Amino acid sequence: MSRYVCVHGHFYQPPRENPWLEFVETQESASPWHDWNERVTAECYRRNSASRILDDDGNIRKICNNYSRMSFNMGPTLLSWLKSEAPRRYRGILKADALGMERFSGHGPALAQVYNHIIMPLANRRDKVTQVKWGIQDFKSHFGRMPEGMWLAETAVDTETLEVLAENGIRFTILAPKQASEVRRMDDAPDAWRDVKWEKVDTGVSYRCDLPSGRRIALFFYDGSISQAIAFGGLLYDGGNYARRLIDAKPDETVPSLSHVATDGESYGHHHQDGDMALAYCLETIERGHEAELTIYGEFLEQNPPVHEVRIVENSAWSCAHGVERWRGDCGCSGGTPGYHQKWRAPLRQALDWLRDKLAAQFQQQGLKYLKDPWKARDDYIAVILDRSRESVEKWLADHAARPLTEEENVRVLKLMESQRSALLMYTSCGWFFDEISGLETVQILRYATRAIDLIHELTGLDFELEFLRLLEKAPSNVPELENGRRVYELLVKPARISFERLAAHYGMVALFSDFPEKISEGCWEAKGRIAMGAMGSDEPNSRAFAAGEVEIASNITWEKKTFVFAVNYRGDTSVVCGVAPDSAEARKLLENADVLRGFFTAKSDEKMVESFGYRIFSLRHILHDSQRNLLNKLLQRDIARIENSLLDIVQDYDKLLEFLSTLSIKAPTVIRSAAAIVLTAGIVHGLETEIPDIEDLRRHITRAKQWNVALDEEQIGFALSRWLELRMLEIHHSPVNPAQMERVCDVLTPFLDEFKWRVSLYEAQNLYYATQSDFLRLGHAPPQVRDAFHKLGKRLRFSQEALN
């Protein structure tokens with residue numbers, strides 16, 4: 001075989017965690033998902049680990065793990081999030097690399113990535129080194145092996161970046177065809193260089209790039225036209241056409257030739273719906289045919305070493321026609337809102353570069369008090385980022401501390417390291433990628449900058465914020481109301497700060513409605529409390545619930561701890577007030593004086609609490625954003641149940657009228673139909689909250705809605721049904737021995753799918769079915785009645801006869 005095909009997907013999300021909390025808060029723009037990580041995972045990452053190949057009737061013929069047959073890199077910040085928040089997807093990705101190693105002669109399909117996707121040519125050498133070292137160590141922690149290749153953010157490259165890759169053992173990277181400048185055959189004369197600018201390079205072979213240090217690295221230049229067609233030209237509408245383009249891109253000659261493409265991995269499902277299925281069909285078509293052989297870069301490089309040398313176009317990238325100006329200038333590359341400029345990009349980078357240098361000077365100066373080599377310690381700090389356990393941190397400290405450190409000095413060292421982590425994260429490329437400084441991604445990198453400023457201020461008393469704001473004033477916004485970067489900082493960045501006092505108040509208010517737990521964890525923080533006085537369902541006219549006590553707030557990242565006294569009062573509705581004071585002899589007297597505490601809760605106003613706690617008074621607005629929603633839902637549950645019961649009484653009163661009007665084909669008044677929709681939807685949802693739903697009751701509710709011309713909330717019901725189905729399929733997956741359970745799933749699905757033709761997500765249920773079939777039933781362990789019920793369930797979940805055999 002002389003014709004080879006490789007598909008590379010660059011799967012990546014920027015770090016989205018609140019820098020003070022270390023978890024991703026709700027992002028409204030990603031609705032109905034919690035955040036963009038969750039949304040893109042649902043639309044892309046999970047689908048590529050279990051992509052469908054359908055038969056002509058639309059039934060599932062095969063489920064494929066696309067990752068195992070392609071080359072891919074998974075950004076470190078995304079992979080860590082998947083490990084924590086989507087462990088099944090994470091395991092599927094690791095499994096794909098192991099399967100790929102079996103398929104591709106011991107070479108894994110996974111590649112590493114520079115840690116948090118910074119534009120390497122615009123970074124100083126020190127940051128380049130850390131980005132590469134962190135990327136390698138992160139990769140090894142997940143995949144258990146050294147990466148052969150490394151993806152550069154936006155494929156942005158310069159010679160120094162290639163030097164850093166090579167000196168850290170990276171064998172190759174992938175670039176765009178426009179990033180090749182000159183090539184020559186190695187057996188040609190030393191001066192026989194040929195100009196290949198403007199995408200004239202032959203993308204079918206690998207190249208050797210000789211570096212000034214004497215090191216070498218291999219480079220691949222992907223097929224630009226096919227890659228463009230994937231991302232923007234509609235090629236993913238048909239997996240068969242996709243396969244044909246890849247196969248026909250290179251002639252079938254005696255010399256091995258590689259047809260390969262590289263795009264954002266999100267093209268396969270997020271940018272293009274069902275793009276994962278087009279990819280699965282493409283890979284299956286190539287693999288089953290005999291015209292080309294699937295490969296990956298490591299395998300192709302081993303079997304076909306370079307016979308050409310190449311020189312690169314310095315300071316170039318795949319997504320900017322002007323080199324790397326997209327990340328430092330008003331070059332027009334943004335693909336965003338018509339009429340918007342990017343004049344803010346240069347001032348933003350200048351502000352961050354100024355801040356980086358200020359932070360670095362303090363890191364060096366302060367770090368030398370405690371560490372043998374602060375910069376070597378930073379390079380190795382990835383071990384702590386990957387494992388925050390005390391044992392891991394103590395090992396890192398033992399390796400790098402210049403002397404035995406006190407607990408207070410440990411805290412100072414960890415704060416120094418976190419200031420540098422934030423200083424690296426603030427350069428994440430997405431902050432410049434789009435067209436407006438107030439965008440989600442730019443606000444995020446400014447939050448990392450603020451976190452670094454705060455940490456150095458806490459350690460040294462130096463305040464870099466004022467000068468940083470002056471520099472941000474030079475970065476104009478496209479939104480008149482926001483004016484410039486300083487205004488964006490003040491309105492969108494500073495409110496994200498989380499203080500110890502606010503966390504203490506958060507504990508007090510959340511504990512009040514959670515039966516006073518001793519411990520609450522929120523991201524990187526842990527709160528341990530002791531209630532001195534508390535009561536729920538209070539008889540006091542000005543207090544439905546109250547509590548007072550003390551709480552210790554501790555950071556799992558910097559090991560810093562602070563203790564507070566608090567008092568919290570709930571007056572009803574959404575009126576919750578919490579006073580907080582640092583632990584002191586005077587503050588403790590409050591907890592010991594029952595009369596004073598009772599005075600807080602019986603008073604008609606909060607004046608007494610203000611007198612005791614001063615300005616450290618907090619309300620529901622100060623509870624962490626995600627907990628706000630949960631708490632408000634908890635507060636409203638009783639009211640929601642009361643409203644539903646009231647509406648049920650109303651609908652029952654009009655039951656006969658609704659039936660009569662339906663026989664006359666007359667719509668009931670809107671207000672009555674709206675009440676009926678709420679009641680019938682709630683009835684179905686509540687029915688699906690039980691393990692064994694009353695199927696006839698479900699069918700009765702759906703039938704009434706149809707007869708009465710009532711629009712049910714199909715999204716809410718669909719979510720409840722999918723959740724019920726997933727739970728039942730998990731039970732079947734863990735113990736596929738109960739045919740009655742399998743029959744029940746079929747019976748519940750029948751009215752929704754057959755009688756009322758609803759679109760119900762069967763995705764997770766199908767995945768679990770396929771995994772159960774592979775792991776258990778195909779081995780022949782199931783008795784006939786179980787096998788028959790399982791076969792019927794497979795048909796109900798839309799598997800083809802071929803897949804069920």
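**Exercise 1. The second largest pocket**

How much space lies in the second largest pocket? Describe its lining by residue, element and class.

*Solution.* The model is a predicted one, in which local features need pLDDT of at least 70 and side-chain atom pairs count only at pLDDT 80 or more, while totals for chains, interfaces and linings use all residues. Residues are numbered from 1 along each chain as its sequence is written, and side-chain values use heavy atoms, with hydrogens and water left out.

Step 1 is the volume: about 1,100 Å³ of space lies in the second largest pocket. A pocket is an open set of points, on a 1 Å grid over the protein atoms alone, with protein on both sides within 12 Å along at least five of seven lines, whereas a cavity is a set of points where a 1.4 Å probe fits but cannot get out; lining residues have an atom within 4 Å of a point. Grid points are joined across faces, edges and corners, and a volume is the space filled by probe spheres set on the points.

Step 2 is the lining: 39 residues line this pocket, and the closest to its centre are Phe-232, Asp-264, His-271, Trp-318 and Phe-433.

Step 3 is the elements, where helices (H or I, at least four residues) and strands (E, at least two) are DSSP runs numbered from the N terminus. Two or more lining residues come from each of helix H1 (36–49), helix H6 (224–232), strand E12 (257–264) and helix H15 (430–433), and the largest share, six residues, belongs to H6.

Step 4 is the class: the lining has 15 nonpolar, 16 polar and eight charged residues, with Ala, Val, Leu, Ile, Met, Phe, Trp, Tyr, Cys and Pro counted as nonpolar, Asp, Glu, Lys and Arg as charged, and the others, Gly among them, as polar.

**Exercise 2. Enclosed cavities**

How many cavities of 30 Å³ or more does a search of the whole structure find? Describe the largest and the second largest of them.

*Solution.* Step 1: the search finds six such cavities, and the largest has a volume of about 90 Å³. Among the 13 residues that line the largest cavity, Pro-19, Glu-22, Glu-418, Arg-421 and Arg-451 are the closest to its centre.

Step 2: helix H14 (407–425) and helix H16 (440–460) are the elements that give two or more residues to this lining, and H14 provides the largest share, four residues. The lining of the largest cavity divides by class into six nonpolar, three polar and four charged residues.

Step 3: the second largest cavity holds about 60 Å³ of space. Its lining includes Asn-124, Asp-127, Arg-349, Arg-356 and Tyr-427, and the elements that contribute two or more residues are helix H4 (125–143) and helix H10 (345–367). Six nonpolar, two polar and three charged residues make up the lining of the second largest cavity.

**Exercise 3. Salt bridges and burial**

Which parts of the chain does the salt bridge between Asp-97 and Arg-145 link? Compare the exposure of its partners with that of Glu-163 and Arg-215.

*Solution.* Step 1: the structure holds 58 salt bridges, each a side-chain nitrogen of Lys or Arg within 4 Å of a carboxyl oxygen of Asp or Glu.

Step 2: in the pair of Asp-97 and Arg-145, the closest N and O atoms are 2.8 Å apart. Asp-97 lies in helix H3 (residues 87–103) and Arg-145 in the loop between H4 and strand E6 (150–151), so the pair links distant parts of the chain, 48 residues apart.

Step 3: buried means under 20% relative accessible area, exposed over 50%, and partly exposed in between (1.4 Å probe, protein chains only). Asp-97, at 2%, counts as buried, and Arg-145 is also buried, at 13%.

Step 4: Glu-163 forms a salt bridge with Arg-215, the closest N and O atoms being 4.0 Å apart. Because Glu-163 lies in helix H5 (residues 159–167) and Arg-215 in the loop between strand E10 (207–210) and strand E11 (216–221), this pair ties together parts that are 52 residues apart in sequence. Glu-163 is buried, at 9%, whereas Arg-215 is partly exposed, at 37%.

Step 5: both Glu-163 and Arg-215 belong to a network of salt bridges that also links Arg-125, Lys-128, Asp-158, Glu-160 and Glu-167.
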